[in-house]
Amino acid sequence: MKTKLTVNNKPVSVQFSPTDRLLDVLRNNGFSEVKEGCRDGECGACVVLLNGKLVNSCQVLAASAMDATVTTVKGLEKDKAAPIQEAFVDAGAVQCGFCTPGMVLATYALLQENPAPDTRQIQQALDGNLCRCTGYVKIIEAVQLAAERTNSHE
Amino acid sequence: MNKKFNTVGKSVRKIDSLSLAKGNALFTDDFQLKDALHISILYSPHAHAEILSIDTTDALAIPGVIRIFHHENVPRVLHTTAGQGFPEPSAYDTAMFDKTMRFVGDRVAAVAAETKEAANAAVKAIKVEYRELPPLFDPETAMDKDAPQLHGEDAKMPIPVKYDASRNLAAEVEIKFGDLDKGFQEADFILEDTFHTQYAAHCAIEPHTSAAYLDERGRLVIITATQVPFHVRRIVSRVLDIPIRDIRVIKPRIGGGFGGKQEVFLEQLVGLSTWSTGRPSRIYLTRPEVFVSSRTRHPMRVTLKTGVKNDGEITALEMDALMNNGAYGSHALTVLSNGGSKVLPLFNKIKNIRFIGHTVYTNLPVGGAYRGYGASQTYFALNQHIDMVARKTGQDLISFVKKWHIKVGETSPVFQALGEGKEGVAQIIKSCGLDECLDKGAAAIGWYEKRGKRIKSAPGKVRGVGLSVSMQGSGIPKIDMGSASMKMNEDGSFNLYIGATDLGTGSDTILAQIAAETLDIPVENIIVLSSDTDLTPFDVGAYASSTTYISGAAVKKCAAKVREQILGVAAKMLNAKPDELKVNESVVTHAESGKSLTYADICTYAMYSNDQFQIQASASNIAPESPPPFIAQFAEVEVDLRTGKIRVLKFVSAVDCGQPINPALAEGQVEGAVVNGLSYALTEDYLFDSKGRMTNPRFWDFKIFTTKDLPEMETILVNSYEETGPYGAKSVGEIAINGPIPAIANAFFDATGVRLYETPYTPERVWKRLKEENRLEN
């Protein structure tokens, strides 16, 4: 199948088979920031925003995303994403970094809905993103820091 | 020790973290290789079987299938997949493809095809005829006379140590001091218990993956998610019979390792595919493949016998460990040894000691290196006995540990007796902050307020607190080698080339900090290139908690040589003597004349003006000893006496890792290891059916912790300085995984009066124990 996807606000011509998942199509077309950790919808390394909603791209058939807009970590609005990324760096929340694009997207989605989440809400929102390096402690601190910085700027 | 540092001791930004957060950093599978072949593997469905025939006719007929590799067309070169130094202290018992299948997940064949789909279809189309053999699942019976034998006479240890394939014995270790019988006779009471730990997976979020291509000169380039690029080069060279000079191994960013990526088992496969077809090749394991066919934490049975006097003095201690290595002998000897060598010296006043260990083969998944490396398994036993001794002799556990643990100026005969599969190296402890760890940790958990109180927090729920203490090492003494080279650029920046492998730990950053400290420059002025066998000098790689201590010292030596050259040039430029010069933040000043030069001036002069040369140096480092970091870890748990569910409410780790080079990264090592250890203690397990098949090879079914499972966490880095370490540093990468299993068990006892002898502490297992001891409530 051949179609056009809108990825990070740009049209992308892609070719795929009917059973391909959005994750495969994205990675095959150079969006290597979308990571594959399990292909089971369990780890969150492959999350993207599909029409603005956080989804595991390994659980989405590419064909079903034909008319949708897809946003990877590289396509986030810079003024909203940068404080999150900087907070992850400053909090020491990035170790191997394989989960980090997904963590940043999950944080972005959370802060869109809830600009000032408490610890419990952060834990709830990031529950679908696995990290084996950090023990999550500094990731949760990073989300708090990102929220504080974003809110103090507004 | 309040040493003054510029960069060391500061939580500078991890140098690759922003590019990772932005999604720019490249991992192995992110490199675009044009027209790469995809490799898929056919695995054995049987735990123990002989392949009678392989028919690849149909599979090869599938469009896009290029090559199928199996035991009939690939030379059988026995090797170990353990990425260790040379000669490896692990048995050469593994072939890339073999006629005998030794576990469900063993490798039958590999297909290289134009697409992943074609490769997967071909895997399904290969026809294999097996003759099933009786499987061996129980390590306790592995050495019995009538047990099935897994390996033939050709399997051998490359070093002269005990190994007997005819008895399924992959390793044996024994050390003895004093007079054990006399020690037990002197005891007023003897504790004897048996503890079991389970199989566990590393669960690095990036699966194992490797890629290969031929460069323009026909050399084999392997990009791979490895902790040991130089060992990869050596092992691939031997297995594929390709000269080392024709192999280049590059480790890009890698998505976690924890020991799992110290195994070399995919690189020879992509190497074989590329070397034989000339085409780029890649493999990316699925998550179930990682669980089943990569490496695991060895399960262990530990029987501990402890003789004690009524005043608490331990008169004799005998530890008998049986380790299950699964189908192949990766790390069989050294993980077993480590279970003694990193554990027994902690209570060094015990005069009569015996450690006896056996590692056996079974038809189950293969053990390998895993953070903690055997010590995590045996500390489970030791820490519960210490808790029992303190309780039975009416002493506060913290005071008891303080009295008996190893201290500065002391040694243990175990250091010399037991090393990396052979004799170890004697050493005297030069730094030990364990007492401070105990005090600060106790305060943080509220030890004296909560211990022994059995607080009922809700109907059917009771709370308790427990402690675990442990030590680890800092590299393997006289074996591990790290090296570094540096060159200076005319803007006053420096390229730092290190063989050391950053697997997400931040070692690139802390090695840059060590260089920056030595040269008195901001860390931004160090440009790090690591882990490329063509470009960087040798390093054994990231294992045995070695990088900060071993490679860090190499970087410090190297930077000191560079600094000397800088001062030499500056002296010439200023008509001064080098020892009259002072360096402050990239500026060299001659106090007498009041003249100063920037590093940029000096390098520019050296490159372009007179007697031109490149300011550059290299250095290697081995360590004559392996100073242990120490840790005290405290758990507060709440036990549901109706369901057997244990909830960890708070977990405190107080660690002495010497001077932390980067406190945030050191804390991150502790926090990551603790949470890994918590789910190892409570939820993670390999479940097998009666045929030896793992039935839960998924994150959720194996169950690693998520954000929602976290207890309140506190990490304390105590004040410490190790004089033999670079800027006072010791290791911190592994130690913190030792604590959760024993600390939770001891906290559970504090709450319930019931001992746990088997991990993981799932509700059903705990419920059974509570029922056995009549502690269940309705």
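**Exercise 1. Two helices at an angle**

H17(B) and H19(B) are oblique to each other; the model is predicted. Show how the angle between these helices leads to that description.

*Solution.*
Step 1. Locate the first helix: H17 covers residues 663-682 of chain B.
Step 2. Take the geometry. H17(B) and H19(B) pack at an angle of about 55 degrees. Their axes are 8 Å apart.
Step 3. Apply the cut-offs. Angles under 35 degrees count as roughly parallel, and 65 to 115 as roughly perpendicular. The angle here is about 55 degrees, so the pair is oblique.
Step 4. Add the handedness: H17(B) passes H19(B) in a right-handed crossing.
Step 5. List the residues that meet. H17(B) brings Val674(B), Gly677(B), Leu678(B), Tyr680(B) and Ala681(B). H19(B) brings Pro740(B), Ile741(B) and Ile744(B).
Step 6. Sort them by class. This contact has seven nonpolar residues, one polar residue and no charged residues.

**Exercise 2. A second partner for H19(B)**

Determine how H9(B) is oriented relative to H19(B), and name the residues in contact.

*Solution.*
Step 1. Place the helices on chain B: H9 is residues 375-392, and H19 is residues 740-752.
Step 2. Read the approach. The two axes come within 8 Å and cross at roughly 30 degrees. That crossing angle makes H9(B) roughly parallel to H19(B).
Step 3. Check the hand. H9(B) crosses H19(B) in the right-handed sense.
Step 4. Name the contacts. From H9(B) come Ser376(B), Tyr379(B), Phe380(B), Asn383(B), Gln384(B) and Asp387(B). They meet Ile741(B), Pro742(B), Ala745(B), Asn746(B) and Phe749(B) of H19(B).
Step 5. Count by class: six residues are nonpolar, four polar and one charged in the contact of H9(B) with H19(B).

**Exercise 3. The nonpolar core**

Which residues touch the most other members of the largest nonpolar core?

*Solution.*
Step 1. Start with the total: the core holds 309 residues.
Step 2. Pick out the best connected. They are Val111(B), Leu496(B), Ala515(B), Val655(B) and Ile744(B).
Step 3. Find the main contributor. Helix H15 (residues 547-574) of chain B gives the largest share of this core, 13 residues.
Step 4. Follow one member, Ile744(B). Ignoring neighbours within four places in sequence, Ile744(B) contacts Gly466(B), Ala635(B), Val637(B), Ile646(B), Val648(B), Ala681(B) and Tyr761(B).
Step 5. Link back to Exercise 1. Ala681(B) is in H17(B), and Ile744(B) is in H19(B).

**Exercise 4. Buried or exposed?**

Decide whether Thr306(B) is buried or exposed, then do the same for Asp144(B).

*Solution.*
Step 1. Place Thr306(B): this residue is in strand E13 (residues 300-308) of chain B.
Step 2. Use the count. Thr306(B) has 26 other C-beta atoms within 10 Å. Buried takes 20 or more, so Thr306(B) is buried.
Step 3. See what surrounds Thr306(B). Leaving aside neighbours within four places in sequence, the contacts are Ile190(B), Leu191(B), Ile314(B), Leu317(B), His385(B) and Val389(B). Leu317(B) is eleven residues away from Thr306(B) in sequence, yet their C-alpha atoms are 4.5 Å apart.
Step 4. Turn to Asp144(B), in the loop between strand E6 (127-132) and strand E7 (169-177) of chain B. This residue has 12 other C-beta atoms within 10 Å, so Asp144(B) is exposed.
Step 5. Gauge a distance. From Asp144(B) to Val637(B) is 41 Å, C-alpha to C-alpha, with the two positions 493 residues apart in sequence.

**Exercise 5. Unusual backbone**

Where are the cis peptide bonds at Pro87(B) and Pro760(B), and where do Asn8(A) and Lys703(B) take a positive phi?

*Solution.*
Step 1. Recall the background. Most residues other than glycine have a negative phi, and most peptide bonds are trans.
Step 2. Take the cis bonds. One joins Phe86(B) and Pro87(B), with omega about -10 degrees. Pro87(B) is in the loop between strand E3 (65-70) and strand E4 (100-101) of chain B. Another joins Thr759(B) and Pro760(B), with omega about -10 degrees. Pro760(B) is in the loop between H19 and helix H20 (763-772) of chain B.
Step 3. Take the phi values. Asn8(A) has a phi of about 50 degrees and lies in the loop between strand E1 (2-7) and strand E2 (10-15) of chain A. Phi of Lys703(B) is near 70 degrees. Lys703(B) sits in the loop between helix H18 (699-702) and strand E27 (712-717) of chain B.
Step 4. Check exposure. Asn8(A) is partly exposed, with 17 other C-beta atoms within 10 Å. Lys703(B) is partly exposed, with 17 other C-beta atoms within 10 Å.

Key:
Residues are numbered from 1 along each chain as its sequence is written. Chains are lettered from A and ligands numbered from 1 in the order in which they are written. This is a predicted model: local features need pLDDT of at least 70, side-chain atom pairs count only at pLDDT 80 or more; totals for chains, interfaces and linings use all residues. Axes are lines fitted to C-alpha atoms, for helices over the stretch in contact, and angles run from 0 to 180 degrees between N-to-C directions. Helices (H or I, at least four residues) and strands (E, at least two) are DSSP runs, numbered from the N terminus. Angles under 35 degrees count as roughly parallel, over 145 as roughly antiparallel, 65 to 115 as roughly perpendicular and the rest as oblique. A crossing is left-handed if the near helix is turned anticlockwise from the far one by less than a right angle, and right-handed if clockwise. Two residues are in contact if their C-beta atoms, placed from the backbone, lie within 7 Å. Ala, Val, Leu, Ile, Met, Phe, Trp, Tyr, Cys and Pro count as nonpolar, Asp, Glu, Lys and Arg as charged, and the others, Gly among them, as polar. A nonpolar core is a set of buried Ala, Val, Leu, Ile, Met, Phe, Trp, Tyr and Cys residues joined through C-beta atoms within 7 Å.
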